[in-house]
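Visitor: Please show me the model, and explain how its descriptive terms are justified.

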Amino acid sequence: MPPPKDVVKIAIQMVGAIPQLIELQQTKPLASVLKDVCDVWSLPNAEHYALQYADGRQTYITESNRGEIKNGSILRLTTSPDQEAERLYSGIQSNNSDVKTDSLKKLASLSQDVTFAQEFINRNGLKQIFYIVEEGNDTGEMLAHTLKAFMELMEHDFVSWETLSAAFIKKIVSYVNMNAVDASVQQLSLSILENMVPTSRLLFELVKKEVTLDRLLTHLQVTNAQLQLKAMALLIALLLAATDAERREMMDYLREKNIRQFIHKNIIHSSEPLGDEMAHYLYVLQSVSLNLCERRMRTSMDPYSQEQRELLQSLRQTAFESESDGPASNFSTERRRSLCAKEFRKLGFMNNSNPAEDLRRAPPGLLALDNMVYFSRHTPNAYSRFVLENSSREDKHECPFARSSIQLTLILCEILHVGEPCSETAQAFYPMFFGQDHFFEELFCICIQLVNKTWKEMRATQEDFDKVLQVVREQITRTLSLKPTSLELFKTRVNALNYSEILKLRQTERLHQEETLAVPVLELRERLKPELLELIRQQRLLHLCEGTLFRKISSRRRQDKLWYCRLSPNHKVLHYGDVEEGVHSPPIESLPEKIPVADMKMLLVGKECPHTKEKSSGKQNKDVLELAFSVVYDVEEYCLNFIAPTRYEFCLWTDGLNVLLGKEMTSERTQTDLDVLLSMELKLRLLDLENISIPDTPPPIPKPPSNLNFCYDFTHAEQ
């Protein structure tokens, strides 16, 4: 007979005593349970004790979380949180430095527990921590434990960051600005400031003023990877919290200080592999930098702006300077206007009498004009060649420079996500972005010449304009997907991917599609599907057994806390637990928490997940919604919440969990993998039928012969 649902069998340990094996009744008050446990060991004052998990984070058991206790859990009888908080509160005030250091070390460890943190904060413990930091002169181990404890206590959101005193903040800033300080102290100080910056405008301004960009750049140039990472985290936090004007000013200063060259040489191309956290920060830095183009992209041209009109005229003058010199000055106003209109038409403006009208569309707005001017000034030979070459063609065969530039700018903005908010989890940055000043403009210069080259290869006319730009978009996206490390490499590859290559790729894809649409092939596909789906299921479960590193993300900031989850080799238990940075594949024994697969009820994704409902529904969280999933388990329907590091991991985990739940795999990756496997299998099966057309219907079976006398009679041979 199965045990009642509200009873769990657990073990309780205590140092120097024989463990107790008890059946914990979840309906029984925790105080009564503790009284019974203490009575067995003859311990007085049961109210001075508490239970906590023996493994993992050693969380205290309370009435609110006792429902999470599973059968087979090992608990430990220990001092109650209020007693421990009182003892440590006294310990950190001790005049004995050893006692004080040990108390702070224990405090840093216990402060991760929400119950203990609440008790310690209720005793005004934070005030004592402030005092140690503000009045102390220690810059070593004791201070590191103090700052670690402070970070853990603030993590629970019981106290607002805005309540911090100016003296405390200045002391934290001083640790960042000092040279002779322990590296762990500087790392923690940078993390504290990173947390402060997004919480209020006042704190942002204070940190921005006290911690200069020069100081952060100094920290970025150290060999200590963790210190480098924390400095980059604070820099990104400052950039994200700044106004558009402040952000532009900060980026200009960073450009002057050659941060791009440093990142390209010492971070991207360093001997150490790039971590996920640093990859995310580089993605944000790239995104913030590209988004500086947004203002110009969304601004239409003002025909009454003298500056903008001069930029427009400079395009004409650069292209037709030699033609305009001399006799043009003797022309009448009407004749000069007619000549200008003709030259603007040669430049490819659709409204040649008033070219400003072409730039009224936003996006791409003035960004297109900026790109054209940059191209004409920095590569004048290529610009003149483009314009004059097309001026000499027939009207219908000329490639319109201005119209192409406007459309190409829009395409580049879409491909590079200009004007879109930064993702909270993305890590996809282009290494070549950090290898080039004026990246967007230089990329435009390469791509506008590609437009002209592709136009000639396609022998296009004005009616083919949209087709040419579609091919150019495909050339750019296919080349960017190869992640070239420099713009030179991008230029080489994108030019090699000419129109005939694009046609070959399209034809191959089309032939493959047509080949797989024949009726017998479709029947063979259906017959192969179950076997290949089973193969995908096995791969998904194998991936779950290998496990994945997940990050904890709060509404306030991108956390640097990690946890790992993996499936047991027998596919019966999910093991998970917190891990430290740098641990990539912890053994299954080191993961204390577990969920039996038999207890799993359902899988939730996206907006259905409880941890996404707690968040705001702004644009910033769109990417989190796409990566969020939760496993509902047990009778009480608890949830284990995940945010996958990538869409690929999301697909593999949701598929694997669906397999464990006995449901269909629903991710887009399943269909992609199935198509790839089917394609490979079909090609192998149809290898002998190459260049043989497959009929839609099987050939008719011939009628049986009128007699079977032609059969050989073996009986005569035996005689």
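Guide: The discussion that follows concerns salt bridges and nonpolar cores. This is a predicted model, in which local features need pLDDT of at least 70, side-chain atom pairs count only at pLDDT 80 or more, and totals for chains, interfaces and linings use all residues. Residues are numbered from 1 along each chain as its sequence is written, and side-chain values use heavy atoms, with hydrogens and water left out.

Visitor: Why is the meeting of E84 and R87 called a salt bridge?

Guide: A salt bridge requires a side-chain nitrogen of Lys or Arg within 4 Å of a carboxyl oxygen of Asp or Glu. For E84 and R87 the N to O distance is 2.3 Å, so the pair satisfies that criterion. A search of the whole structure finds 35 salt bridges.

Visitor: What separates E84 and R87 along helix α2?

Guide: About one helical turn separates them, because they are three residues apart in helix α2 (residues 81-91). Helices are DSSP runs of H or I with at least four residues, numbered from the N terminus.

Visitor: Does one term cover both residues, or which of buried and partly exposed applies to E84?

Guide: Buried means under 20% relative accessible area, exposed over 50%, and partly exposed in between, with a 1.4 Å probe and protein chains only. E84 has 4% and is therefore buried, whereas R87, at 47%, is partly exposed.

Visitor: How do you know that E246 and R201 form a salt bridge?

Guide: Their side chains meet at 2.4 Å, N to O, which places them within the 4 Å limit. This pair links distant parts of the chain, 45 residues apart: E246 lies in helix α12 (residues 244-256) and R201 in helix α9 (residues 201-210). With 17%, E246 is buried; with 35%, R201 is partly exposed.

Visitor: What makes a set of residues a nonpolar core?

Guide: Its members are buried Ala, Val, Leu, Ile, Met, Phe, Trp, Tyr and Cys residues joined through side-chain atoms within 4.5 Å. The largest such core has 149 residues, of which F150, M232, I263, L347, I476 and F490 touch the most other members. Helix α21 (residues 439-458) gives the most to this core, with 12 residues.

Visitor: Which residues are in contact with M232, leaving aside its neighbours within four places in sequence?

Guide: They are L220, I263, I267, M278, Y281 and L282, where contact means heavy atoms within 4.5 Å. Apart from the largest core lies another, of 43 residues, among them C565, L627, V659 and M665.

Notes: Helix = DSSP H or I, 4+ residues; strand = E, 2+ residues; numbered from the N terminus.
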